[in-house]
Amino acid sequence: MSCFDERCSWRSQVVRLALSISVAALSATVSAQSEGGLYIAGDGFSFQAAAEQGMAKNPRGRRFFLLSIPPETAALSRTAAEPLAAVRDRVIAANGVLFVCRRDVDNGRIDLSALVPEVMAVRGWPPPGSKQIPKGERYFPDENPDSFPKANESLRRLRTTCS
C-alpha cells in the first residue's frame with residue numbers, strides 16, 4: 001500500500017514527504033563532500049605544487065579540480081617538457097579535472113588547440129545584470145554540470161578566478 005493514497009493519514013504523508021526531501025538533500029551534500037576541492041596553479045603556486053597538493057589531499061581517485069593560469073599552463077600543452085607532462089598525466093590518472101580560464105583563451109594568452117584534450121576552458125561570472133546564467137542556476141546553458149565542482153565554494157572560486 002502506498003502511503004500517498006487516501007487510506008494513509010495526511011500526517012503520514014507529510015512525514016514521508018519530509019523524509020524523502022531529507023534523504024535527497026543529504027545525498028547532494030554527501031556527493032559534494034566526496035569531491036576534492038579546487039587547486040589553482042598560478043598566483044604564487046607552480047603547476048607542480050598545485051598538482052601535488054591536489055593529489056595528496058585526494059587519494060584513491062577522489063575527483064578534484066586544477067585550474068591553471070598563465071604562465072602556469074605549460075604542463076597542459078601537447079608539447080610540454082617530459083617532467084611537466086608526467087605530472088599532468090598523474091593528475092589525470094588521479095581523477096583530476098584540468099581547467100583554464102576562457103578569458104585567457106579569448107584574449108590570446110592560451111591557445112586551446114595546443115593543449116591536451118582533457119583540458120576544459122571555463123567561463124567566469126557573467127557581467128552584472130546579464131541573463132547568460134538563468135536565475136537560480138549555477139551553470140551556463142551549454143555547460144555540463146557533471147564537469148564542474150558540486151561544492152558551491154569551489155565553483156564560486158573557479159568562476160571568480162576566471163572573471
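Are Cys101 and Cys162 buried or exposed? I will begin with that pair and then work outwards to the rest of the fold. Please keep in mind throughout that this is a predicted model.

Both cysteines are in fact buried: Cys101 is, and Cys162 is as well. The two are joined by a disulfide, with a distance of 2.1 Å from S to S. A search of the whole structure finds one disulfide. The torsion about the S-S bond of Cys101 and Cys162 is about -70°, and the disulfide is therefore left-handed. As to placement, Cys101 lies in strand 3, while Cys162 lies in the segment after helix 5, so the bond ties together parts of the chain that are 61 residues apart in sequence.

Let me turn to the overall architecture. The chain contains five helices and four strands. Followed along the sequence, these elements give the pattern α-β-α-β-α-β-α-β-α.

The four strands form an open sheet, in the order 1-2-3-4, and their pairing is parallel. At the edges are strand 1, residues 38–41, and strand 4, residues 119–122, each of which pairs on one side only. Averaged over the sheet, neighbouring strands are turned by 30° against each other, direction ignored. As general background, strands of a sheet pair through backbone hydrogen bonds, either parallel or antiparallel.

Within this sheet, I would draw attention to strand 2, residues 64–68, and strand 3, residues 96–101, which pair in the parallel sense over four bridges. Leu66 stands opposite Leu98 of strand 3.

Which helices pack on the sheet? One of them is helix 2, residues 47–57, which touches strand 1, strand 2 and strand 3. The direction of helix 2 makes about 165° with that of strand 1. Helix 5, residues 152–161, also packs on the sheet, touching strand 1, strand 2, strand 3 and strand 4. The direction of helix 5 makes about 25° with that of strand 1.

I return now to strand 3, where Cys101 is found. How many residues of strand 3 are buried? The count is six of its six residues. Both faces of the strand are covered: Gly96, Leu98 and Val100 are buried on one side, and Val97, Phe99 and Cys101 are buried on the other.

For a residue with another environment, consider Glu52, whose place is in helix 2. Its relative accessible area is 29%, which means that Glu52 is partly exposed. Glu52 and Tyr39 are 13 residues apart in sequence, and their C-alpha atoms are 9.7 Å apart in space.

Some figures describe the chain as a whole. Of its 163 residues, 37% are buried. Among contacts between residues at least 6 apart in sequence, 59% join residues at least 24 apart. The chain exposes about 9,800 Å², of which carbon and sulfur atoms supply 56%.

Finally, a word on confidence. The mean pLDDT of the chain is 85, and 80% of the residues reach 70 or more. Over residues 10–32, however, pLDDT stays under 50. For that stretch, the model has eleven contacts beyond four places in sequence. Where pLDDT is low, the predicted coordinates should not be read in detail.

To close on the opening question, the disulfide joins Cys101 to Cys162, and both of these residues are buried.

How values were computed
Residues numbered from 1 in each chain as written. Predicted model: local features only at pLDDT ≥ 70, side-chain atom pairs only at ≥ 80, totals over all residues. Heavy atoms only, no water. Pairing = 2+ DSSP bridges. Helix = DSSP H or I, 4+ residues; strand = E, 2+ residues; numbered from the N terminus. Axes fitted to C-alpha atoms, helices over the stretch in contact; angles between N-to-C directions. Contact = heavy atoms within 4.5 Å. Buried < 20%, exposed > 50% of the residue type's maximum accessible area, 1.4 Å probe, protein only. Areas by Shrake-Rupley, 256 points an atom, 1.4 Å probe, with all protein chains shown as cover. pLDDT = per-residue confidence, 0-100. Disulfide = S-S within 2.5 Å.
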